[in-house]
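Subject: Structure handover

Hello,

Here is the structure you are taking over. My notes on what was found in it follow below.

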Amino acid sequence: MSSTEPPEARIVAAVPPARPVRVGAGEKLRTTSLPGLTLNVRTRPPEVSGLPPALFVHGLGGCSQNWSPLMEQLADRLDIECPDLPGFGDSPPPDDGDYSITGHARAIIRHLDASGRGPVHLAGNSMGGTIAIRVAAVRPDLVRTLTLVSPALPERRPQRTAVPTGLLAIPGATRLFSRATRDWDAERRTWELLALTYGDPRQVSREDFALAVEEYERRLALPYFWDALARSARGLIDTYALGGQYSMWRQAERVLAPTLLVYGMRDQLVAFRMARRASATFRDSRLLTLLDAGHVAMMEYPDVVARGMRELLDDVDGRDERQAQEAQEAQEARDRRDSRKIRGVPVPGTDGSGAARG
């Protein structure tokens, strides 16, 4: 896969987290090491063996924990992996410092190639959706289905509420922001983030809010936190200016996998009006609209998103069964035809010798 955003020649030291990342009940963490890349991977052992593999990709500033509610909902249907992207969650920065969308997509592709789990049911949220689209476009052999929750596709007129996030891409912006908010405690920072990403942050329980504050404090202690955030934001914004075959909308047109699009009508980062364009762009898509959801529907309404994914999986499984049945019937017809030829029985459309009548 060719790179469209050349990485800057910079190496960030991989410093261990100040405190261990949280592991939910029933979840496991493991570390996957590849040349120049180390990924922390969150899994939830499936309820039965032999379930089809899946991989979920988080968004800008997120981590694999964002998928924990949905993982639990789908544990009876999919064997799910959720990696922390390089520089996020519990994954250290990449050795080459490449935080572009291509760089993140390359990390996912390398992980899938190394694990041999493909093709997978691939899902992505926000920037993770952009990454998933790039993976599905350039490596269709690795993607069985695609689920996109508020994918960050280029918009001509972004919402005003999304502008501050885009400004993170400007060099020095994160330094100014950290100075301007130096008096904010972790609770204030967490609440502001929830207010931006949730349709109604008041629905978050006290326990979940406390856990979110704990995770925010952990991330702020990482020496590369702001650098990974800013450079990933820059990589995302850079894709908005790409044209030709590297345009994200052009790449969306190339996606062959059956696609589920999930949009929240209270999303302050990805305008709901983009749902119509996305539906028309992906060649095999279905749309799930959540009236009260914000930017992270898989966290706010995991049961509804899981239901949509189950319907997608059922549709694909049914399609596979029909295609297999049709292929079997066609093969049986050919076998009967060949058998009649061998016995010298005239076959309709031939002169008895097997030559077609003209």
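In helix α7, the buried residues include Val213, Glu215, Tyr216, Arg218 and Arg219; buried means under 20% relative accessible area, exposed over 50% and partly exposed in between, with a 1.4 Å probe and protein chains only. This is a predicted model, in which local features need pLDDT of at least 70 and side-chain atom pairs count only at pLDDT 80 or more, while totals for chains, interfaces and linings use all residues. Residues are numbered from 1 along each chain as its sequence is written, and side-chain values use heavy atoms, with hydrogens and water left out.

Helix α7 and its salt bridges

Helix α7 covers residues 206-220, 15 residues in total. From first C-alpha to last, α7 reaches 21 Å, close to the 21 Å expected at 1.5 Å a residue; the expected span is 1.5 Å times one less than the number of residues. Helices (H or I, at least four residues) and strands (E, at least two) are DSSP runs, numbered from the N terminus. The buried residues of α7 pack against α6 (186-197) and α8 (225-240), where contact means heavy atoms within 4.5 Å.

Glu215 has two salt-bridge partners in this helix, Arg218 and Arg219. A salt bridge is a side-chain nitrogen of Lys or Arg within 4 Å of a carboxyl oxygen of Asp or Glu. For Arg218 and Glu215 the closest N and O atoms are 3.0 Å apart; for Arg219 and Glu215 the N to O distance is 2.9 Å. Arg218 is three residues from Glu215 in α7, so about one helical turn separates them. Arg219 and Glu215 are four residues apart in α7, which also comes to about one helical turn. The relative accessible area is 1% for Arg218, 8% for Glu215 and 12% for Arg219, and each of these residues is buried.

Away from α7, salt bridges that share partners join Arg30, Asp79, Glu81 and Arg117 into one network. In helix α6, Glu192 and Arg188 form a salt bridge with the closest N and O atoms 3.2 Å apart. These two are four residues apart in α6, so about one helical turn lies between them. Glu192 is partly exposed at 33% relative accessible area, and Arg188 is partly exposed at 37%. The count for the structure comes to 23 salt bridges.

Nonpolar cores

A nonpolar core is a set of buried Ala, Val, Leu, Ile, Met, Phe, Trp, Tyr and Cys residues joined through side-chain atoms within 4.5 Å. The largest core has 44 residues, of which Leu122, Ile131, Leu146 and Phe282 touch the most other members. Helix α3 (residues 127-138) supplies the largest share of this core, six residues. Leaving out residues up to four places away in sequence, Ile131 touches Val57, Leu85, Ile101, His104, Ala105 and Ile108. There is a second, separate core of 28 residues, and Phe56, Trp67, Leu78 and Met298 are among its members.

Asn66

Asn66 lies in the loop between β3 (53-57) and α1 (68-73). Asn66 is buried, at 13% relative accessible area. Apart from neighbours within four places in sequence, Asn66 is in contact with His58, Met298 and Met299.

Cysteines

The structure holds zero disulfides, a disulfide being a pair of cysteine sulfur atoms within 2.5 Å. Cys63 is in no disulfide, and its nearest cysteine sulfur, that of Cys82, is 9.9 Å away. Cys82 is likewise in no disulfide, with the sulfur of Cys63 as its nearest at 9.9 Å. Cys63 is buried at 2% relative accessible area, and Cys82 is buried at 0%.

Overall figures

The protein has twelve helices and eight strands. Of its 358 residues, 49% are buried. Among contacts between residues at least 6 apart in sequence, 75% join residues at least 24 apart. The accessible surface comes to about 17100 Å², and 51% of that belongs to carbon and sulfur atoms. Accessible areas come from the Shrake-Rupley method with a 1.4 Å probe, and for residues only the protein chains shown count as cover.

Regards
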